[in-house]
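Work through these exercises with the sequence and the structure side by side. Each task is followed by a stepwise solution.

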Amino acid sequence: MASVVPVKKKKLMDVKLGELPSWILMWDFTPKGIAGAFQRGYYWYYNKYVNVKKGGVAGISMVLAAYVLFNYCPCYKELKD
């Protein structure tokens, strides 16, 4: 018999379409919960791309590309002319 995993413990790819609204409502939208989500995302990115045995330029180049993109968007109207 397969073990039943609570909806809160499932990852996004494991959530069925009917469970999606209840899965989203289980998130913690308090400032502490949002800060924790950013912290988990930072540690995930750091451990996946920066803190590796044989590193390359991929982790840093993605951060720089995102920086350039986010700084280009507000200036688009001025640069378009």
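## Exercise 1: Cysteines

A search of the whole structure, a predicted model, finds zero disulfides.

**Task.** Explain why cysteine 73 has no bond to the closest cysteine sulfur.

**Solution.**
- Step 1. Recall the chemistry. A disulfide is a covalent bond between the sulfur atoms of two cysteines.
- Step 2. Find the partner. The closest cysteine sulfur to that of cysteine 73 sits in cysteine 75.
- Step 3. Take the distance. The gap is 9.3 Å.
- Step 4. Apply the cut-off. A disulfide needs the two sulfur atoms within 2.5 Å. At 9.3 Å, the sulfur of cysteine 75 is too far from that of cysteine 73 for a bond.
- Step 5. Check from the other side. For cysteine 75, the nearest cysteine sulfur is that of cysteine 73, 9.3 Å away, and cysteine 75 is in no disulfide.

**Task.** Classify cysteine 73 and cysteine 75 by accessibility.

**Solution.**
- Step 1. Set the limits. Buried means under 20% relative accessible area and exposed means over 50%, with partly exposed in between.
- Step 2. Place cysteine 73. Its relative accessible area is 47%, so cysteine 73 is partly exposed.
- Step 3. Place cysteine 75. Its relative accessible area is 32%, so cysteine 75 is partly exposed.

## Exercise 2: A nonpolar patch

**Task.** Which elements give two or more residues to the nonpolar patch on the surface?

**Solution.**
- Step 1. List the members. They are Tyr42, Tyr43, Tyr46, Val50, Ile60 and Leu64. Together they have about 590 Å² of accessible area.
- Step 2. Assign them. Helix H2 (31–50) and helix H3 (58–72) are the elements that give two or more residues.
- Step 3. Weigh the shares. H2 supplies the largest, with four residues.
- Step 4. Take one member. Tyrosine 43 lies in helix H2. Its relative accessibility is 44%, so tyrosine 43 counts as partly exposed.

## Exercise 3: The whole chain

**Task.** Compare the radius of gyration of the chain with the value from the globule rule.

**Solution.**
- Step 1. Describe the fold elements. The chain has four helices and zero strands, in the sequence pattern α-α-α-α.
- Step 2. Compare. The radius of gyration is 19 Å, while the globule rule gives 12 Å for 81 residues.
- Step 3. Conclude. The value is well over the rule, so the chain is more spread out than a compact globule.
- Step 4. Add the extents. The C-alpha trace spans about 60 × 40 × 25 Å along its principal axes.
- Step 5. Add burial and surface. Buried residues make up 9% of the 81 residues. The accessible surface comes to about 7,700 Å². Carbon and sulfur atoms account for 67% of that surface.

Technical notes:
Residues are numbered from 1 along each chain as its sequence is written. This is a predicted model: local features need pLDDT of at least 70, side-chain atom pairs count only at pLDDT 80 or more; totals for chains, interfaces and linings use all residues. Side-chain values use heavy atoms; hydrogens and water are left out. Patches are made of residues with over 30% relative accessible area and no salt bridge: like charges are joined within 9 Å, nonpolar side chains (Val, Leu, Ile, Met, Phe, Trp, Tyr) within 5 Å. Accessible areas come from the Shrake-Rupley method with a 1.4 Å probe; for residues, only the protein chains shown count as cover. A salt bridge is a side-chain nitrogen of Lys or Arg within 4 Å of a carboxyl oxygen of Asp or Glu. Buried means under 20% relative accessible area, exposed over 50%, partly exposed in between (1.4 Å probe, protein chains only). The radius of gyration is taken over C-alpha atoms; the globule rule is 2.2 Å times the number of residues to the power 0.38.
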